[in-house]
Amino acid sequence: MSPGEVAAVVAAVSLAILVVGVLLSLGAMLRTMAEMRRAVEEFRRSSVPLLTEVHATVRQASMELAKVDTILDRADSIAGTVDSASRLSYRAFSTPVIKTMALATGSARAYRAFRKKKS
């Protein structure tokens, strides 16, 4: 065998080894892709019901928040009404109560002063 033939055999063997390596790598990649597809499909199968449940829960929470908002609006309205009523009753009763207390205090002082003069 001549040196050219030896070089050709070495190149052919090297190329064959390279092709076998590429084919093995390609086969491993195809198996990995198949496993990845299965994993993605399994994830999709398990996540769709969960997302449906989350969507229903969010819808229910939204309805509950609307109810709470209505309750808070009513409570705010009631608080305003109570505040107005308390201001009105303060204005209505404060002056007569103060005058009555002043009259009672004055009468008590006058009574004590009258009793001291008698004694």
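I started with Thr70 and found that residue in helix H1; helices (H or I, at least four residues) and strands (E, at least two) are DSSP runs, numbered from the N terminus. The model I am reading is predicted, so local features need pLDDT of at least 70 and side-chain atom pairs pLDDT 80 or more, while totals for chains, interfaces and linings use all residues. Residues are numbered from 1 along each chain as its sequence is written, and side-chain values use heavy atoms, with hydrogens and water left out.

Is Thr70 buried or exposed? Thr70 counts as partly exposed because its relative accessibility is 36%; buried means under 20%, exposed over 50%, and partly exposed in between (1.4 Å probe, protein chains only).

Next I looked up a distance: 88 Å separates the C-alpha atoms of Thr70 and Val9, which are 61 residues apart along the chain.

Then I turned to Leu30, also a resident of helix H1, which covers residues 3-118. Leu30 counts as exposed, because its relative accessibility is 56%.

For the whole protein I noted one helix and zero strands. The radius of gyration, taken over C-alpha atoms, is 48 Å, well over the 14 Å that the globule rule gives for 119 residues, so the protein is more spread out than a compact globule. That rule is 2.2 Å times the number of residues to the power 0.38. I also wrote down the span of the C-alpha trace along its principal axes, about 155 × 35 × 20 Å.

My last entry is on burial: 2% of the 119 residues count as buried.
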